[in-house]
Amino acid sequence: MNQERLTKVILAPVVSEKSNMLAEKRNQMTFKVLPNATKQEIKAAVELLFGVQIASVTTVTTKGKTKRFGRTVGRRSDVKKAYVSLVEGQELDLESAAATVDKE
């Protein structure tokens with residue numbers, strides 16, 4: 001897999017109550033990823049960027065809602081999320097990982 005592609009696969013971490021609960025209880029991290037990213041690419045990208053071992057990857061595509069903005073009707077974009085399970089004993093700290101990525 002192309003390393004340039006792998007650095008673009010992960011768009012952002014998902015920070016919510018549900019993702020924090022999954023991180024504490026199941027040792028899972030949640031990321032927004034490219035809509036055409038495969039599970040193998042997501043696994044390789046997380047291992048490359050954060051230096052942790054991955055047990056499994058589960059993906060979910062959330063369809064965007066239709067919303068009204070006054071008279072006009074708009075639509076939110078679809079989002080693909082990846083739930084990444086870490087190997088037992090591995091830990092991923094997004095704050096320190098972001099600091100090391102910014103330095104490069």
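Trainee: Which residues is L86 in contact with, leaving aside its neighbours within four places in sequence?

Mentor: In this predicted model, L86 is in contact with N27, M29, V52, Q53, I54, A55, E91 and L92. Each of these is called a contact because heavy atoms of the two residues lie within 4.5 Å.

Trainee: What makes L86 stand out in the largest nonpolar core?

Mentor: L86 is one of the residues that touch the most other members of that core. The others in this group are I10, F31, I42, V46, I54 and V84, and the whole core has 18 residues. To belong, a residue such as L86 must be buried and joined to the set through side-chain atoms within 4.5 Å.

Trainee: Which elements give two or more residues to this core?

Mentor: They are α1, β2, α3, β3 and β6. The largest share, four residues, comes from α3. As a general point, nonpolar side chains tend to be buried together in soluble globular proteins.

Trainee: How do you know that β3 and β6 pair?

Mentor: Two strands pair if there are at least two bridges between them. Eight bridges join β3 to β6 (residues 79–86), so the pair passes that test. The two strands run antiparallel, and T59 stands opposite A82 in β6.

Trainee: Why are β1 and β3 called edge strands?

Mentor: The open sheet has four strands in the order β1-β2-β6-β3, with antiparallel pairing. Both β1 (10–13) and β3 (54–62) pair on one side only. On average, neighbouring strands of this sheet are turned by 30° against each other, direction ignored.

Trainee: Which strands does helix α3 touch as it packs on the sheet?

Mentor: Helix α3 (residues 39–50) touches β1, β2, β3 and β6, and its direction makes about 120° with that of β3.

Trainee: What makes E4 and K8 a salt bridge?

Mentor: The cut-off is a side-chain nitrogen of Lys or Arg within 4 Å of a carboxyl oxygen of Asp or Glu. For E4 and K8 the closest N and O atoms are 3.5 Å apart, so the pair meets the cut-off. Both residues lie in helix α1 (residues 3–9), four residues apart, about one turn of the helix.

Trainee: How do you know that E41 forms a salt bridge with R5?

Mentor: Their closest N and O atoms are 3.0 Å apart, and that is within the 4 Å cut-off. E41 lies in helix α3 and R5 in helix α1, so this pair ties together parts that are 36 residues apart in sequence.

Trainee: Why do E41 and R5 get their labels, buried or exposed?

Mentor: Buried means under 20% relative accessible area, exposed means over 50%, and partly exposed lies in between. E41 has 14% relative accessibility, so E41 counts as buried. R5 has 26%, so R5 counts as partly exposed.

Trainee: What do those cut-offs say about D78 and R75?

Mentor: D78 has a relative accessible area of 38%, so D78 is partly exposed. R75 has 55%, which is over 50%, so R75 is exposed. These two also form a salt bridge, with their closest N and O atoms 3.4 Å apart. The structure holds three salt bridges.

Trainee: How many helices and strands are there in the protein chain?

Mentor: There are four helices and six strands. Along the sequence they follow the pattern α-β-α-β-α-β-β-β-β-α. Of the 104 residues in the chain, 29% are buried.

Technical notes
Residues are numbered from 1 along each chain as its sequence is written. This is a predicted model: local features need pLDDT of at least 70, side-chain atom pairs count only at pLDDT 80 or more; totals for chains, interfaces and linings use all residues. Side-chain values use heavy atoms; hydrogens and water are left out. Axes are lines fitted to C-alpha atoms, for helices over the stretch in contact, and angles run from 0 to 180 degrees between N-to-C directions. Buried means under 20% relative accessible area, exposed over 50%, partly exposed in between (1.4 Å probe, protein chains only).
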